[in-house]
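Dear colleague,

I am handing over the structure below, and after it I set out what was found. Please keep it open while you read.

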Amino acid sequence: MRFTQFFTCLPLASTAMSALNDFDLHPVLAPSYDTAQLANIVPSTNVTLDYSLDTLADPRSSVSIVLQTYEPVVLLEAIGSVHQVACTYSTVTIGFNTPAAFERAISEWPHDGDFWLITNHLEKCDTRGDRGIYLVVGLNWDNDTAAVTAQTAKMDFGSIASSIAVTFSDVQGSMSNNSGNITFDEPGINIASNFSLPTGDEILSDPPYFSATANNGYLSDAAVIRGHFSYDVPTQQLQSLWFDIDSAFYGDLAVTFNVSMPLSSNSYSFSPGTFFASAINVPGAFSLQPALRWSVGADVGADGAVHHSSNITMSIPDGHAHIDFMNSSKSSIVGWGPRLTSAVQTDQAATGHASPFVAFSIELGLNIMDGLFNTTGGVTATPQFVNELNVAQSQTRIRKADRMIWPRNITCSNGFELRSAFNFTVDAYVTDAWQKTLYNTEIPIEDECYPF
């Protein structure tokens, strides 16, 4: 039995994480509006609609939508002198509490209609947690009650918007902090997952030549996501889309590899699961579905029987990725700093390699205006513990082509050589569009001889 253990801390290149419970976004007044200003009565082709987890406007926890509209819009919630709004199937009645506001509406609102009203009230104007959008086709003024009744038709975002721009500034969910789990409580879309691999489960196999058994396995990750997109409605063209992802990751994996006869070099993997957080959804405007994906695997090949165990504990406590869906050259990472503790045990050796890896992905699926545009992309980090075995006198060296270790510096005359390294890769991707490696490094760990 041969056993060796080592520790390395690697300063590399950056991301952060947390979990969302089910939640509803609530309409809130954007901070840019002052409800005391009568200027908000004037219809405008530019309107800002904010949404929050809370009932009060909070720029730290909101999604902000900016609409450019075909026709002018009046945002009723921005008018402090509106004290009553009531809706029927075909009308919206608005009551004012000051003569000045009523008179300003008479002077500014087109008498034949042809503008839009956006409501945020409970009197049958909209569903809970949503706004109502109405096309005005006529107005009836009541001077005695300082009210106006608009003849209306109910519409949606796609009907009024010539362009839509959405900023995912800070949507924050509550999280528990259980032992061993990574959690964050920072502004942003917070997601997290953690789970264990059952001890003794066969996780990889190529019968009858090869099997790999999990002796131990625990995976935990978390992310905080912020981003922005803009979309031109008439042309159905995305104008911009990017996400900033802060993330952290912890993995503890112990695997025993058993190769019973010569095995061609191959890559094996399995996915223990995908965690789908609650979708961020504003009906009719967009839906954003965050997901955390895991993959556990190994690159394995040998010219004879091998019985080898690898134990690797990996953590990436701090990193940041900027993913530009429109332009891969503008995507980047900074600050990733993986830490690794590893141990190996070899009971039977042949020339070959057994190199376990864990890949975790933070993925974002965006649906704009009920399917007018869909895209999916994200970032994948893959730490791998690369182990090469070389038996003395062997003329054959089997290793995966893209996992070549540094040139040999020793020769074993009686026994086997164990050469180990830590390989770390960060890739960004947009499905069916592009994939790009943002960072890759391979750090030598050991190159030692062990006698039989």
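To begin with one residue, Val386 counts as buried because its relative accessibility is 1%, and a residue is called buried when that figure is under 20%. Please bear in mind throughout that this is a predicted model. Val386 has its place in strand β23, and its C-alpha atom is separated by 9.1 Å from that of Ala298, although the two residues are 88 residues apart along the chain.

Asn387 has its place in strand β23, which covers residues 373-391. Is Asn387 buried or exposed? Its relative accessibility is 1%, so Asn387 counts as buried. The side chain of Asn387 is joined to that of Ser310 by a polar contact of 3.2 Å. If neighbours within four places in sequence are left aside, the residues in contact with Asn387 include His308, Ser310 and Val344, then Gly352, His353, Ala354, Ser355 and Pro356, and also Leu418, Arg419 and Ser420.

The next part concerns strand β18 and its partners. Strand β18 comprises residues 286-302, and 14 of its 17 residues are buried, so this strand is largely enclosed by the rest of the structure. Which way do β18 and strand β22 run, and how many bridges join them? They run antiparallel, and 17 bridges join β18 to β22, which spans residues 352-368; within this pairing, Leu288 stands opposite Leu366 of β22.

Strand β18 is also paired with strands that come before it in the numbering, and I take them in turn. Strand β15, residues 263-270, runs antiparallel to β18 and is joined to it by six bridges, with Phe270 standing opposite Val296 in β18. Strand β16, residues 274-276, is likewise antiparallel to β18, with three bridges between them, and here Phe275 stands opposite Leu292 in β18. Strand β17, residues 280-282, is joined to β18 by three bridges and runs antiparallel to it, and the bridge partner of Val282 in β18 is Phe286. The strands β17 and β18 form a hairpin that has three residues between them, and in its turn Gly284 has a positive phi of about 85°.

Finally, there are some points of backbone geometry to look at in the loops. Most residues other than glycine have a negative phi, and most peptide bonds are trans. Against that background, Asp370 has a positive phi of about 55° although it is not a glycine. Asp370 lies in the loop between β22 and β23, and it counts as exposed because its relative accessibility is 66%, where exposed means over 50%.

Ala146 also has a positive phi without being a glycine, with a value near 55°. Ala146 lies in the loop between β8, residues 132-142, and β9, residues 147-155; its relative accessible area is 16%, so Ala146 is buried.

Where is there a cis peptide bond? Such a bond joins Pro207 and Pro208, with omega at about -5°. Pro208 lies in the loop between β12, residues 202-206, and β13, residues 210-232.

With kind regards

Technical notes: Residues are numbered from 1 along each chain as its sequence is written. This is a predicted model: local features need pLDDT of at least 70, side-chain atom pairs count only at pLDDT 80 or more; totals for chains, interfaces and linings use all residues. Side-chain values use heavy atoms; hydrogens and water are left out. Buried means under 20% relative accessible area, exposed over 50%, partly exposed in between (1.4 Å probe, protein chains only). Helices (H or I, at least four residues) and strands (E, at least two) are DSSP runs, numbered from the N terminus. Two strands pair if DSSP finds at least two bridges between them. A polar contact is a pair of N or O atoms within 3.5 Å; within protein, one must be able to donate a hydrogen and the other to accept it, and residues adjacent in sequence count only if both atoms are side-chain atoms. Contact means heavy atoms within 4.5 Å.
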